[in-house]
Amino acid sequence: MTYLVTDNCIKCKHTDCVSVCPVDCFYEADNFLAINPDECIDCGVCVPECPEDAIVADYELQPETREKWDEINRRVSDWNVNIVDQIDPLADHKEFSGLPNKYETFGIIPSSILPMNR
Ligand code: SF4
Ligand code: F3S
């Protein structure tokens with residue numbers, strides 16, 4: 001199993017989750033954070049940290065939804081912009097909190113920060 005970041009994170013990106021992860025397995029996109037499923041040790045401590053309830057155990061999701069978010073979390077992790085320190089949430093996060101289907105509406109935008117600059 002693994003934990004996965006899901007739709008509620010998009011365009012909010014509070015980043016409270018990264019500061020508690022014992023294995024630093026969060027990766028950054030411009031409008032989303034992902035968990036690398038191959039690095040997550042399934043400790044679950046990030047789950048209550050997220051103000052948007054965006055982090056879920058993969059087995060809690062229906063198969064189709066699980067496959068979708070597993071692929072998205074892996075794709076963003078492959079971009080390899082590791083984030084280990086909390087930063088400010090996105091400025092307009094309140095506006096997008098709890099909106100449904102944000103992935104379908106906004107997609108995931110790669111971080112403009114290149115890994116070699118971090
Ligand atoms: Fe990190 Fe644990 Fe959350 Fe996995 S479940 S992303 S290891 S804090
Ligand atoms: Fe996203 Fe929640 Fe972390 S909004 S950045 S999963 S604290």
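**Lysine 102**

I started with the side chain of lysine 102, which in this predicted model reaches the backbone oxygen of asparagine 8 at 3.0 Å. I then looked up where the residue is placed: lysine 102 belongs to helix H3, which covers residues 102–106. Is lysine 102 buried or exposed? I noted a relative accessible area of 0% for lysine 102, and because buried means under 20%, the residue counts as buried.

Next I listed its contacts, leaving out residues up to four places away in sequence. Lysine 102 touches Asp7, Asn8, Ile10, Cys12, Phe96 and Gly107. Asparagine 8 thus appears in my notes both as a contact of lysine 102 and as the owner of the backbone oxygen that the lysine side chain reaches. I also checked a pair separated along the chain: lysine 102 and lysine 11 are 91 residues apart in sequence, and their C-alpha atoms are separated by 8.1 Å.

**Lysine 13**

I turned to another lysine, number 13. It lies in the loop that runs between strand E1 (3–5) and strand E2 (26–28). Its relative accessible area is 5%, so I entered lysine 13 as buried. Which backbone oxygen does the side chain of lysine 13 reach? I found that of aspartate 30, at 3.1 Å.

Aspartate 30 is also among the residues that lysine 13 touches. Setting aside residues up to four places away in sequence, I wrote down Glu28, Ala29, Asp30, Asn31, Phe32 and Leu33, and further along the chain Ile87, Asp88, Pro89 and Leu90.

**Ligand 2**

Lysine 13 came up again when I looked around ligand 2. The residues there are Val5, Cys9, Lys13, His14, Thr15, Asp16, Cys17, Leu33, Cys50, Pro51, Glu52 and Ile55. Leu33 is in this list and is touched by lysine 13 as well. I sorted the shell by character and got 7 nonpolar, 2 polar and 3 charged residues. The space that ligand 2 takes is the largest cavity.

**Threonine 15**

I picked threonine 15 from the residues around ligand 2. It is found in the loop between E1 and E2. Its phi is positive, about 70°, although threonine 15 is not a glycine. With a relative accessible area of 2%, threonine 15 is buried.

**Asparagine 80**

I set asparagine 80 beside it, since this residue also has a positive phi of about 70° without being a glycine. Asparagine 80 is found in the loop between helix H1 (63–79) and helix H2 (93–96). Is asparagine 80 buried, exposed or partly exposed? Its relative accessibility is 45%, and because partly exposed runs between 20% and 50%, I entered asparagine 80 as partly exposed.

**Ligand 1**

I then looked at ligand 1, which sits in the second largest cavity. There are 13 residues around ligand 1, and Cys21, Cys40, Cys43, Gly44 and Cys46 come nearest. The shell divides into 12 nonpolar residues and 1 polar residue, with no charged ones. My entry for the shell of ligand 2 has 3 charged residues.

**Isoleucine 41**

My last entry is isoleucine 41, in the loop between strand E3 (33–35) and strand E4 (55–57). What does isoleucine 41 touch, not counting residues up to four places away in sequence? I found Pro22 and Val23. I also looked up its separation from tyrosine 3: the two are 38 residues apart in sequence and 8.7 Å apart in space, C-alpha to C-alpha.

How values were computed:
Residues numbered from 1 in each chain as written. Chains lettered and ligands numbered in written order. Predicted model: local features only at pLDDT ≥ 70, side-chain atom pairs only at ≥ 80, totals over all residues. Heavy atoms only, no water. Helix = DSSP H or I, 4+ residues; strand = E, 2+ residues; numbered from the N terminus. Buried < 20%, exposed > 50% of the residue type's maximum accessible area, 1.4 Å probe, protein only. Polar contact = N/O pair within 3.5 Å; in protein donor to acceptor, adjacent residues only side chain to side chain. Contact = heavy atoms within 4.5 Å. Near = heavy atom within 4 Å. 1 Å grid on protein atoms, 1.4 Å probe; cavity = no way out; pocket = protein on both sides within 12 Å on 5 of 7 lines; lining within 4 Å. Sits in = over half its atoms within 2 Å of the grid points. Nonpolar A, V, L, I, M, F, W, Y, C, P; charged D, E, K, R; others polar.
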